[in-house]
Amino acid sequence: MFCRWLSIIRRRRASPARRRCSSARGSTSAAEARAAALPAQAQVVICGGGIMGTSVAYHLSKMGWKDVVLLEQGRLAAGSTRFCAGILSTARHLTIEQKMADYSNKLYQQLEQETGIQTGYVRTGSISLAQTQDRLISLKRINSRLNVIGIPSEIISPKKVAELHPLLNVHDLVGALHVPEDAVLSSADVALALASAASQNGVQIYDRTAVLHVMVKKGQVTGVETDKGQIECQYFVNCAGQWAYELGLSNEEPVSIPLHACEHFYLLTRPWETPLQSSTPTIVDPDGRIYIRNWQGGILSGGFEKNPKPIFTEGKNQLEIQNLQEDWDHFEPLLSSLLRRMPELETLEILKLVNCPETFTPDMRCIMGESPAVQGYFVLAGMNSAGLSFGGGAGRYLAEWMVHGYPSENVWELDLKRFGALQSSRTFLRHRVMEVMPLMYDLKVPRWDFQTGRQLRTSPLYDRLDAQGARWMEKHGFERPKYFVPPDKDLLALEQSKTFYKPDWFDIVESEVKCCKEAVCVIDMSSFTKFEITSTGDQALEILQYLFSNDLDVPVGHIVHTGMLNEGGGYENDCSIARLNKRSFFMISPTDQQVHCWAWLKKHMPSDSSLLLEDVTWKYTALNLIGPRAVDVLSELSYAPMTPDHFPSLFCKYALHVYNEVMSVGQKYGIRNAGYYALRSLRIEKFFAFWGQDLNTLTTPLECGRESRVKLEKGMDFIGRHALLQQKQNGVYKRFTMFILDDHDTDLDLWPWWGEPIYRNGQYVGKTTSSAYSYTLERHVCLGFVQNFSDTGEEQVVTADFINRGEYEIDIAGHRFQAKAKLYPFTSLFTHKRRKDDVELSDLHGK
Amino acid sequence: MGGAIEWKGLSDPVTSQSWRGARFSSAPAPPSRGPLSASPPTRHCAANQEAGSAPARTYGRGREAAWRGRGAEWAGRGRGAASRTGLRGRNAEWRHRCRSLLVRKKRAVFCRARRMCVCPGPRRSGIPIRSSSLPLFSDAMPAPTQLFFPLVRNCELSRIYGTACYCHHKHLCCPSPYLPQSRLRYMPHPAYATFCRPKENWWQYTHGRRYASTPQKFYLTPPQVNSILKANEYSFKVPEFDGKNVSSILGFDSNQLPANAPIEDRRSAATCLQTRGMLLGVFDGHAGCACSQAVSERLFYYIAVSLLPHETLLEIENAVESGRALLPILQWHKHPNDYFSKEASKLYFNSLRTYWQELIDLNTGESTDIDVKEALINAFKRLDNDISLEAQVGDPNSFLNYLVLRVAFSGATACVAHVDGVDLHVANTGDSRAMLGVQEEDGSWSAVTLSNDHNAQNERELERLKLEHPKNEAKSVVKQDRLLGLLMPFRAFGDVKFKWSIDLQKRVIESGPDQLNDNEYTKFIPPNYHTPPYLTAEPEVTYHRLRPQDKFLVLATDGLWETMHRQDVVRIVGEYLTGMHHQQPIAVGGYKVTLGQMHGLLTERRAKMSSVFEDQNAATHLIRHAVGNNEFGAVDHERLSKMLSLPEELARMYRDDITIIVVQFNSHVVGAYQNQE
């Protein structure tokens, strides 16, 4: 069956004229695929009849949105969905991905019962093999996280692996992760089942209908132009898979969806002499870069090679589609790896080498959410070859997003708005996916920086800092210094520096932190997003007072730290706002807020011409002076006294000049450069939460001890005020807490990263969100949220007493370390040097 | 290197270093030879000190290090550690080792090896160890070796000179007080037949020694072979503008493999900045490298000046006159080992200036079109004339005086290509060759020769020579396929021995420096020397209009052409450049193939592929084939290793210096030109 489909598609693709209007597939119950005329209007139009589109349609219809039209240019489930290897694996690195996969698993399992369409669902379980200790650590981290969200899994010995799978060579293994509830199934059938269920719920499905472009008026979706006519609609969902990028750009108001396809190969064999049982577990051998599942008595095996072949760089390309052929030479390393893992397969006969392009994104996470440029334009694409695993969950979150305005989980990590404009260039994407695809099976270690597509945006001081030994990290396309390597010191090569333990820059950052505490350091923070809001009258103040929770009606020259909240009181942004004059404000937000915050402001600001919002990120270089002598340096530079009460705002035009002056004046105060790692250590030991890591749209100021930054009674309503009032009355259900690891050996033990489970009196209560080594406390500090689950699993109010009266442990890759919980920072430790600049530090959102 | 030169025409423009790449000074140089000897002398020391015990340490990047290390090692084996002076022993050892491989080829190559028979045969055998060769290296010293000079001091100088360093090069390039020994009398050509006889004696000699030393197989490892082959490789890609290459040239790869020490071949490549087009050339020196060096430095300036329009010449002259900055004329594309001599730059500049001044004066203001063919011929002739004049006039500076004489008394052939859009001109003097690689419609490769060799194999050249001299000289002017029985190329730069009258030669030699006077070769007058000049530098210019199927041009010295057929050359380069080595993809189709079978097949294919991908440079790839090809036309690593590990005093017997430039054309641009018209 499978092969026949393959051949059909191959032939179709070879004939361009027929590609867009291929005949309906006979074997599908064509009930859902109508040839009738399109409706003139609908609430939602979904483009793409793969697993993503059908899942969104399914969930929308379940949530009560029935006026939905799904369009597919060819046949349903005929794209990447058709070629998918059919492995559902919950062993993912991100908790949100684990949750999506877990939901998908549960959904697919009951789908056959619900729709009557066979999906081939078999619960085989999956085994991820570790050939090295580092890989085993990585698997143990996944294991800890899986367990706390209720997915059974365990770390097993090689011997146990051999028992579970008869053909495996286990001699080079050090261990494995077994997830018994993982499954294999046919993704095409899943998509058909979802479509059929959706169609029963009222969703109209049209195949052989291609979307040409989306009609946009005033930044709002108004309809869809197809090759069969127009449909008016309020919402459009782009689930076009590898064509999503092209489709996004086809609008008048382009929507950039940064993804790029790569060729992906897997092998199909004929059945084994004694056909493999259908319950044989799926094997993932990341060190060998391959996956292996049983398939019709034989095996299906593919992998993610080191030298990927990007494809469709210039969009849909007939030549490339025709050339999608088996490339055995390219597959050779994976085949070697397969035969090393299962030597007995040598005699197995080859059926086919399948070449199915998969889409990848610049950071290996899928893309979902609403476009920042066009309201009502939603995207769900870029699955990094995990479409089947994520399909159910991602479709559900997107449907929730559309129906309720926000998903039930924090999906910032997957939000389309995490990307900036520069990250959607074709060249960038092509280079980056060539790095991302091998990374699928590379060891994922803390603080990994992508190597390709760098230097998209740099500070004017980049060359200056680079010459002084700066090592760079990238955030939102912006280069930021991590730390400065002294001239006499060498760091390890990139590959060797991968570690879960103490990193090689430990001493470097220590000296930078020390300098911040004792003298003065300068950090280039130009990457921060900077907006200016001005108005002719008081409109700017009015709208900002409505959007932000703190009171912004402060004297000119003052800086206010405030949250930008949503209706639920959760943080949409956490920023500093300076009042430049009566009618203009300067807003400083985290780097990756550039797109998100802009979209939020644009959405909520009245289209009033008297109100001007300008992105001035490019216009300013930001230098941050940290340390007890910072005031001295600045006073000397500006010939003006600087005290905590009097801090004149200075804007200088020549960044390089200022930097040089600061460095030369600062010399006698012991000034030096510092990087973001030092800043991160400082902010975490000061218990300072950072948006995007600790804070997200589901956390409120009350939950992280920031009542003082919320002025509930500032005299006017603001977004989220109602929710906060209610929360104040009812109490919070989670509390941001700081943990100091007690019995942790910095040199010998695994370092915490983020996402480690927190145990209170042996009970799971939450996960860490960030961690760093505190050079002051000489301990590791983890930040995280503590919840209070009742015996039945319900969330209960978390009180300070609850936090204080527990014994805590942090689980790092299966090893639990004792930790002390704190609700407030160690002020006493810092008071002896506490000055204005220390207060400023906490306002600068160092990450 | 390769930067656009700027003539800062101050009061004395020539003193500005930028006129030529200042990578050469007359400071006493370390006792290693030629552009290849860039390996640190410390290695030599180590090799010599630890002869036989730790040879692996000596296999440095430079082939010399490898040779020396090995030489020392074997000397150590044969004679014990005391044989530091055992050069003779080393040679003998070597001969014996190489013999089995090369005995068949020896006779044929041996005569061929010496383009200039004046230098008698045995010069490469039984070389005495010299300890006073220090100043001799001053003319051929690449910059890197100078950096090592301080290191040399730390070693025992005497030992280095006594063992590792000697100059066996008896040409004017490296004259030596030891030359006037009895070995160096003129040996008329027929003597070559008998010359081989002494080698039979070697055979006996070495044969006897075979049992004294442990027979062992020695091979260079593939990385060592690569480091030797790639030491001189250079690639240039024409920069793209706005993502597009608008030049008809995509770029070029060049490389050279020495057989002489120092190498006598030279190469040059430069972009004309005041006119369009690119110049590329290979120069094969004989009787030393002085002439080929001078030609490689100077010829492109002469050509560029000849191509310049009147106004530009005036502008340049005015700039020089008023001490203003000059327009850059050429942008050189040079390998770090391609050096320019600093000392002579002023002299060369003055000669060049005189040339353009004459061009300015000669201009009648009528014709504005400059004929490239004519310009090339004029430039060649003018440069040769200047070389000759400079030697006659001499120079008050004794070093320069000696230099110009060495340039004039040695010789060089030249093969230069000028590419401007679709117009390809090849100017050739001597026996280097320009070959065009043409891809036929069926994908196969054919070779189009764009130059004629000027040697005895060329009937028209024989005819020309006979016509230019009286009938009674018809038999003596070409003997043994050589000009006057001596010189293989029939056209060349320098070689004033074949150009000046006997009187002039004697006068110049007598008034010349002592070194010249002591040199037997320079004093020697060719036999039957009645009606000079017998030799000219006038090139034969071929014009070719590029077509889209013309994919590349190979310029190479005869070292390549005598080892490989032109058809093979074009095929190897063509397949290399178009990636023909990418084999046909495998498809399973309907066959029954098991995973194991497929795996075996793929592993085999990958092994094959990796050998091709070793080279990133077409010229290197070609040299690999030229030196390492076995009778089946495939590169044989064993053979390659043996050939490359020949000690330098033997290398010349088995191959000549090889210099190759492969220019790749841009078919799109060439095609666009064609469509325009």
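Visitor: How many bridges join strand β26 of chain A to β30(A)?
Guide: This is a predicted model. In it, strand β26(A) covers residues 529-535 and runs antiparallel to β30(A). Within this pairing, Thr534(A) stands opposite Leu612(A) of β30(A). The number of bridges joining β26(A) to β30(A) is five.

Visitor: Which strands stand at the edges of the open sheet in chain A?
Guide: The sheet has five strands with antiparallel pairing, in the order β27-β28-β29-β26-β30. A strand at the edge has a single partner, so one of its sides is left without a neighbour in the sheet. The two edge strands of chain A are β27 (559-565) and β30 (611-615).

Visitor: By what angle are neighbouring strands of this sheet turned against each other on average?
Guide: The sheet in question is the open one with the order β27-β28-β29-β26-β30 in chain A. With direction ignored, the average turn between its neighbouring strands is 25°.

Visitor: Which helix packs on the sheet with its direction at about 170° to that of β30(A)?
Guide: Helix α16(A), residues 539-547, packs on the sheet and touches β26, β27, β28, β29 and β30 of chain A, but its angle is given against β26(A) and is about 130°. Another helix, residues 594-604, also packs on the sheet and touches β26, β27, β28, β29 and β30 of chain A. The helix at about 170° to β30(A) is α17(A).

Visitor: How far apart in sequence are Trp505(A) and Tyr677(A)?
Guide: These two residues form a tilted aromatic pair, with 4.6 Å from centre to centre and 55° between the planes. Trp505(A) is in the loop between β24 and α15 of chain A, while Tyr677(A) is in helix α20(A), so the pair links distant parts of the chain. Their separation is 172 residues.

Visitor: Is Trp505(A) buried or exposed?
Guide: A residue counts as buried when its relative accessible area is under 20%. The value for Tyr677(A) is 9%, so that residue is buried. Trp505(A) has 10% relative accessibility and therefore counts as buried.

Visitor: Which residues do ring pairs link into a cluster in chain A?
Guide: Over all chains, the count of aromatic pairs is 39. Trp505(A) and Tyr677(A), described above as a tilted pair, belong to the cluster. The linked residues are Tyr483(A), Trp505(A), Phe506(A), Tyr677(A), Trp751(A), Tyr773(A) and Tyr775(A).

Visitor: Which residue lies over the face of Phe506(A)?
Guide: Phe506(A) is one of the residues in the ring cluster. At 4.4 Å from its ring centre lies a residue of chain A, Lys502(A).

Visitor: Why is the pair of Phe380(B) and Phe493(B) called tilted?
Guide: Phe380(B) lies in helix α11(B) and Phe493(B) in strand β12(B), so the pair ties together parts that are 113 residues apart in sequence. Phe380(B) is buried at 0% relative accessible area, and Phe493(B) is also buried at 0%. The ring centres are 5.4 Å apart, and the pair is tilted because the planes stand at 35°.

Visitor: How many residues of helix α8 of chain A are buried?
Guide: Helix α8(A), residues 187-200, reaches 20 Å from its first C-alpha to its last, close to the 20 Å expected. What covers its buried residues includes α3, α4, α5, β8 and α12 of chain A. Ser187(A) and Ala198(A) are among the buried residues. Of the 14 residues in α8(A), the number buried is twelve.

Visitor: Which residue of β5(B) stands opposite Ala270(B)?
Guide: Strand β3(B) is largely enclosed by the rest of the structure, because seven of its eight residues are buried. β3(B) pairs in the antiparallel sense with β4(B) over seven bridges, where Ala270(B) stands opposite Leu279(B). Three bridges also join β3(B) to β5(B), again antiparallel. In β5(B), the residue opposite Ala270(B) is Trp332(B).

Visitor: What percentage of the residues in chain A is buried?
Guide: Chain A has 24 helices and 39 strands. Among its contacts between residues at least 6 apart in sequence, 73% join residues at least 24 apart. Of the 847 residues in chain A, the buried share is 62%.

Notes:
Residues numbered from 1 in each chain as written. Chains lettered and ligands numbered in written order. Predicted model: local features only at pLDDT ≥ 70, side-chain atom pairs only at ≥ 80, totals over all residues. Heavy atoms only, no water. Pairing = 2+ DSSP bridges. Helix = DSSP H or I, 4+ residues; strand = E, 2+ residues; numbered from the N terminus. Axes fitted to C-alpha atoms, helices over the stretch in contact; angles between N-to-C directions. Contact = heavy atoms within 4.5 Å. Phe/Tyr/Trp six-rings, centres within 6.5 Å; stacked < 30°, edge-to-face > 60°. Buried < 20%, exposed > 50% of the residue type's maximum accessible area, 1.4 Å probe, protein only. Lys NZ or Arg CZ within 6 Å of the ring centre and 35° of its normal. Expected span 1.5 Å × (residues − 1).
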